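Let's take a walk through this one together, starting at the ligand, moving on to the empty space inside, and ending in a sheet. Keep the viewer open as you read.

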Amino acid sequence: MINIFNVAYKNLLRKKARSGLTVIGISLAAWVLVSLLGFNRGYESSLNRDIDNLGFQMIVTAKGCPYEAATLMLKGGTGLRYMPQSITEQITREPEVERITAMLMQAVFDPNKGESGGYSAYLGVDPATFPQMKSFLEFKQGNWFTNPDALEAVLGYEAAELEQREVGDLLLITEKNVEVKVVGILKRTGTQDDGTIFLPLNAVQKIFGINNELTGIGIKVKKEADIARFEEKMYKLPDVQVVSLSQVKQTIMTLVSTAKVMVFSIALIAILISVVGVINTILMSVMERLQEIGILKSMGATAWDIFKLIWLETLMLCISGGVIGSALAMATAKLTEILIRQLLPYSPSGGLVQITLPLVSLTFGVVIIIGILSGIYPSWKAGRVRPLEAIRSQVE
Amino acid sequence: MNENGKKVLEAEHLVKIYRRGSEEIPAVNDVSLSVEVGEFVSFVGPSGSGKTTLINILGCLDNPTSGRLVLADRTVVDNGEVLSESSLTKIRREIFGYIFQKFYLIPTLTVIENIMLPFTFYKKPGAENEVARIMKLMEIDHRKEHLPGQISGGEMQRVAIARALVNRPSILLADEPTGNLDTRRSQEIGGLLKGLNEKEGITIILVTHNPALASMADRIIEIRDGKIHTKGMALS
Ligand SMILES: Nc1ncnc2c1ncn2[C@@H]1O[C@H](COP(=O)(O)OP(=O)(O)OP(=O)(O)O)[C@@H](O)[C@H]1O
Ligand SMILES: [Mg+2]
C-alpha cells in the first residue's frame with residue numbers, strides 16, 4: 001500500500017544528483033557541527049583533567065622557599081623557609097577554597113648517594129588530605145601509610161628505582177639515623193612526584209624536630225570561584241609566595257576561546273549554507289512540479305496534504321544528511337583531533353574530540369530544525385498551488 | 001441514455017471574463033446547460049472558443065465571474081458566489097475524476113503506485129478493492145509493476161484514467177485526453193471511455209478536437225466564442 005512517506009521518498013529519487021548534493025551539503029554541516037561540539041567538550045574536559053591531575057591549582061610557600069624538590073637539590077638542600085602551621089586555618093576559612101593539604105619538605109645529605117654523595121629530599125604530607133587531592137596517583141606496589149604517625153614511606157617511581165627499594169624494604173634517613181619502612185611505590189606520572197619520597201607529615205615533623213611549621217600548602221580552589229581575586233588575597237598574607245596554575249589555565253582558555261569563536265563561526269556559516277541549499281532544492285522541485293501538484297489537488301489533496309508532502313521531502317533530506325554527517329564525524333574523530341592539535345596553541349593530553357550521544361542528538365535536533373524551518377516556505381508555496389495550474393500550464 | 005433522467009450537473013448563465021489590461025475577454029459567455037446522470041457529453045469547437053475554460057468551471061477547478069452551478073444537488077456557485085476552498089476540495093474528491101492531455105504520472109512510482117496515489121490524500125471506503133478491477137478495465141494490469149517510462153503513451157493515458165477512477169467518481173472530466181496520442185490510440189481511449197459510460201454508468205464530460213471521438217458521445221455540444229452553438233444534437 002502506498003503512503004505519503006513512500007511518495008515523498010520517490011519524489012526525491014527523481015532528481016538523484018540534486019537530492020544527493022543537498023544531502024552532502026547537510027552532512028557536511030552536521031559533520032562540522034558534531035566535530036566542533038565534540039571538540040568543545042573534549043578540549044575543556046581534557047584541560048580540566050590535566051589541571052586536576054596536578055592535584056592542586058595553587059601552592060603557597062614561605063617567601064623564598066623552593067617548592068620543588070629539584071630546586072632544593074640545586075640549592076644544596078639549603079634555603080628552606082617555614083611558615084606557621086596556623087596559616088592553614090586562615091586559608092581554609094576563605095570561601096574560594098575547596099580543600100588544602102599541608103606539606104613539609106626536608107632534605108638531608110646522604111654520603112652513599114652517587115659518587116660523592118647527594119641530597120635526599122623528603123616530603124611530609126598529610127595522609128588525611130594529600131591522597132584525596134592527588135586521587136589520580138596509582139600504586140605500582142603497596143598503598144599509602146597505615147597511620148598518620150607511622151614511620152613509613154611511599155616512593156615515587158624514579159625515587160624507588162634510584163634507592164632500589166621495594167615494598168617491605170627499609171629506608172635509612174641519614175643524619176637522623178632513622179629507618180622508615182617502604183609501604184608503597186607509585187606508578188610513573190611524568191611529574192615531579194616521580195622523584196619524591198613521601199612520608200607522613202607528623203613523622204617528618206618528629207624526625208626532624210620541627211613543630212607547627214610547614215614549607216608548603218597545596219590549595220584546590222572551587223570550580224566557580226574567582227581565582228584572580230583569591231590570588232590577590234593570598235598575596236596579601238605576610239611572608240608567603242603563591243605559585244598558581246590557574247593563571248596558566250585561564251590564559252590557555254582565553255586563547256582557546258578565540259579559536260572557538262572562529263570555529264563556531266565556521267559551523268554557523270556551514271549551517272546557513274546548507275539551509276539555503278535545502279530551500280533552493282525544495283523550491284526548485286516545487287516549481288518544476290506545479291502542474292503535478294495541481295493534479296494532486298484535483299485528486300483531492302488539500303493545501304495541508306501538499307504542505308505535509310513537501311515538508312516531509314525536506315525533512316527526509318535533512319535527516320539523511322544528519323545521519324551521514326554524524327557517522328562521518330564519528331569515523332573521522334581521530335583525524336579531526338590531529339588537525340585541531342596543529343591549530344591550537346596548547347593541546348592537553350587525552351581525547352580532544354569527544355563525541356557523545358547527547359551531542360549527536362543535539363546535532364540531530366539542529367538538523368531537524370533546519371529541515372522544519374527551511375521546509376516551511378516551499379511547502380507553503382506548494383500548498384497554495386491551485387488545481388487549475390495543472391490545466392492552464394498545458395498551454396506552453 | 002439514462003433511465004431516470006436525474007440531473008447531476010446544472011449550469012445557468014455561466015460567465016467567465018478574463019481581463020487583459022483594459023480589454024475584457026468573455027471566454028465563457030452566458031452558458032446554460034445540464035447533464036444527466038450517466039450521460040456522455042462532448043464539447044467541440046475551434047481553438048480558443050472557451051471549452052477548457054467552461055469545463056474547468058463545471059469541474060470546480062475555476063470560478064466563474066457570474067452564474068450558478070449545481071452539482072449533485074449541491075449549489076457550488078450562486079450568482080458568482082463560490083463555496084470555500086475546502087468545500088470545493090470535498091466536492092472535487094467526491095464527485096470528479098479528471099484526465100488531461102498530459103498524463104502527469106510520477107516517473108519514480110510504478111503503474112500501480114501511480115494509480116493508488118489519490119489514496120494518500122483521500123480514500124472512499126472500500127475503494128482499494130476496486131483497483132484490480134479498474135486496472136483490468138483499463139487493460140493495464142499486466143503493466144502494474146512497470147515504471148511510466150517503460151510503457152507507451154496510450155498505456156500512460158490509461159493509467160491516468162485508472163488513477164482518476166480509483167475513488168469512483170460520478171463524473172469523469174476529460175480535456176483533450178487524446179491530444180498527445182495517434183489515431184489508433186485515440187480510438188482505443190475513446191472505446192474505453194464509452195465502455196466506462198455504458199458499463200459503469202459514469203457520467204463523462206469530454207472536450208476534444210477529434211470528431212471520431214466526439215461522435216461516441218450521447219450528445220455533442222459545440223462552443224463558439226464562449227457560447228453554445230448547437231445544442232442537444234442527439235446521436236443514436
Ligand atoms: N488565464 C487566462 N487569462 C486570460 N485569457 C485567457 C486565460 N485562459 C484563457 N484565456 C482566453 O480565453 C479564451 C478561451 O480559452 P480556452 O483555453 O478556454 O479555449 P479552448 O476552447 O480550450 O481552446 P483550445 O481548443 O485551443 O484548447 C481564449 O481567448 C484565451 O485566450
Ligand atoms: Mg482547451
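A quick bit of vocabulary before we start: a polar contact here is a pair of N or O atoms within 3.5 Å. Also keep in mind that what you're looking at is a predicted model.

Start with ligand 1, which you'll find between chains A and B. Which residues of its surroundings come closest? There are 14 residues around the ligand, and the closest are B:Ser47, B:Gly48, B:Lys51, B:Thr52 and B:Thr53. Now zoom in on the oxygen atoms of ligand 1. One oxygen sits 2.8 Å from a backbone N or O atom of B:Gly48. For B:Ser49, it's again a polar backbone atom that takes part, at 3.2 Å from an oxygen atom of the ligand. B:Lys51 uses its side chain instead: an N or O atom there is 2.6 Å from a ligand oxygen. Taken on its own, ligand 1 has 630 Å² of accessible area, and the protein covers 70% of that.

Step back a little and look at which elements build this shell. In chain B, both β1 (7-20) and α1 (51-58) supply at least two residues each. The biggest giver is α1(B), with three residues. As for chemistry, the shell around ligand 1 splits into seven polar, four charged and three nonpolar residues.

Next, the empty space. Rolling a probe the size of a water molecule over the atoms shows where empty space is left. In this structure, five cavities of 30 Å³ or more turn up. The largest cavity holds about 160 Å³ of space. What lines it? Of its 14 lining residues, the ones closest to the centre are A:Met299, B:Phe96, B:Gly97, B:Arg163 and B:Ala164. So much for single residues; here are the elements. Chain A brings in α10 (290-298), while chain B brings in α2 (85-95), β7 (96-99) and α5 (153-165), and each of these four supplies at least two residues of the lining. The largest share belongs to β7(B), with three residues. Sorted by class, the lining has eight nonpolar residues, plus three polar and three charged ones.

Now for the sheet in chain B. Five strands make up an open sheet, and if you trace across it you'll read β2-β1-β4-β5-β6, with antiparallel pairing. Which strands sit at the edges? Those are β2 (23-36) and β6 (81-82) of chain B, each pairing on one side only.

Follow β1(B) for a moment, since this strand also helped with the shell around ligand 1. Its antiparallel pairing with β2(B) runs over 11 bridges. Down that pair, B:Ile17 faces B:Pro26, B:Arg19 stands opposite B:Glu24, and B:Arg20 stands opposite B:Glu23. Between the two strands of this hairpin there are two residues, and B:Gly21 takes a positive phi near 65°. Then look at the pairing of β1(B) with β4 (residues 66-71) of chain B: this one is antiparallel too, over five bridges. Within it, B:Val15 has B:Ser66 as its bridge partner in β4(B).

Technical notes: Residues are numbered from 1 along each chain as its sequence is written. Chains are lettered from A and ligands numbered from 1 in the order in which they are written. This is a predicted model: local features need pLDDT of at least 70, side-chain atom pairs count only at pLDDT 80 or more; totals for chains, interfaces and linings use all residues. Side-chain values use heavy atoms; hydrogens and water are left out. A residue is near a molecule or strand if one of its heavy atoms lies within 4 Å of it. A polar contact is a pair of N or O atoms within 3.5 Å; within protein, one must be able to donate a hydrogen and the other to accept it, and residues adjacent in sequence count only if both atoms are side-chain atoms. Accessible areas come from the Shrake-Rupley method with a 1.4 Å probe; for residues, only the protein chains shown count as cover. Ala, Val, Leu, Ile, Met, Phe, Trp, Tyr, Cys and Pro count as nonpolar, Asp, Glu, Lys and Arg as charged, and the others, Gly among them, as polar. On a 1 Å grid over the protein atoms alone, a cavity is a set of points where a 1.4 Å probe fits but cannot get out, and a pocket is an open set with protein on both sides within 12 Å along at least five of seven lines; lining residues have an atom within 4 Å of a point. Grid points are joined across faces, edges and corners, and a volume is the space filled by probe spheres set on the points. Two strands pair if DSSP finds at least two bridges between them.
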